[in-house]
Structures are given as structure tokens and as C-alpha cells.
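Please look through the structure below before reading on. The text after it takes the helices and the side-chain contacts in turn.

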Amino acid sequence: MARSLVTIFEELESRIATLQEDMGELRKRNSELEMENAELRKREAEAQQAREQALLDVEYLKVSYRLAESPDTLAETRKVIAGLIRNIDRCIEMLRE
């Protein structure tokens, strides 16, 4: 025998209510995941920046060790380089005048 229209509507209402609950839970979970994703992207950007800084530090260390093998020689080399930079700055100033 065929089901009554009332029974069919009650089943549909029950299914709709279940789907609405599921949809609410999925929206909540989606929101949580979007916030987590944003936090992970932020942390990734910070880690990338820290990595770039570390690579730059490594490059500076490589250059400094190529310039001088001992700390005393390194300090003297840095003084010489600083003097050269000052001379270059003076030359640029003279060219501007």
C-alpha cells in the first residue's frame, strides 16, 4: 500500500533538519579551517623570512672568513673596508658638487 503524503512530508522534514544540522557543522568546521590556514600562512611567511635572514647571515660569514682567517685579521680587514666605504662616500659627495 502506498505511503500517505503526511508520512512522506514528515520524512522529508526530518531529512531537511538533519541536512541543516550537517550544514551548520560544516560551516563551523570550514570557518575553523580557514582560521587555521591563515595562521599557518602567517607562520610560513615568518619562517621564510627567518630562512632568508639565515641565508644572508651565512653568506656574510662566508665572506668574512674568506677575508681573514683569524679574528684579529678580520677586525683589521673590517676597518680597511670601512675606510674604503668612507672614501667612496666622499668621492660621491664631491661628484654631486
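What follows is a walk through the helices, a surface patch and the salt bridges of a predicted model.

Helix α1 covers residues 5-67, and Phe9 is found in this helix. Phe9 also belongs to a nonpolar patch on the surface, formed together with Leu5, Leu12 and Ile16. The accessible area of these four residues together is about 400 Å². Is Phe9 buried or exposed, or does it fall in between? Its relative accessible area is 49%, so Phe9 counts as partly exposed. The cut-off for exposed is over 50%, and a patch takes residues with over 30% relative accessible area that have no salt bridge.

Helix α2 runs over residues 71-96, which makes 26 residues. How far apart should its ends lie? At 1.5 Å a residue the expected span is 38 Å, and the end C-alpha atoms are 37 Å apart, so the model agrees with the expectation. The expected value rests on one less than the number of residues, because the span is 1.5 Å times that count. Within α2, the buried residues are Leu74, Thr77 and Gly83. Buried here means under 20% relative accessible area.

The charged side chains come next. How many salt bridges does a search of the whole structure find? The search finds four, and three of them, described below, involve arginine and glutamate.

One of these salt bridges joins the side chains of Glu11 and Arg3, with a distance of 2.7 Å from N to O. Arg3 is exposed, at a relative accessible area of 52%, whereas Glu11 is partly exposed, at 32%.

Another salt bridge links Arg51 with Glu52, and here the closest N and O atoms are 3.3 Å apart. Both partners count as partly exposed: Arg51 has a relative accessibility of 46% and Glu52 has 41%.

A further salt bridge involves Arg96 and Glu93, whose closest N and O atoms are 3.2 Å apart. Where do these two residues sit relative to one another? Both lie in helix α2, three residues apart, and are therefore separated by about one helical turn. Arg96 is exposed, with 64% relative accessibility, while Glu93 is partly exposed, with 40%.

Key. Residues numbered from 1 in each chain as written. Predicted model: local features only at pLDDT ≥ 70, side-chain atom pairs only at ≥ 80, totals over all residues. Heavy atoms only, no water. Helix = DSSP H or I, 4+ residues; strand = E, 2+ residues; numbered from the N terminus. Buried < 20%, exposed > 50% of the residue type's maximum accessible area, 1.4 Å probe, protein only. Patch = residues over 30% accessible without salt bridge, like charges linked within 9 Å, V, L, I, M, F, W, Y side chains within 5 Å. Areas by Shrake-Rupley, 256 points an atom, 1.4 Å probe, with all protein chains shown as cover.
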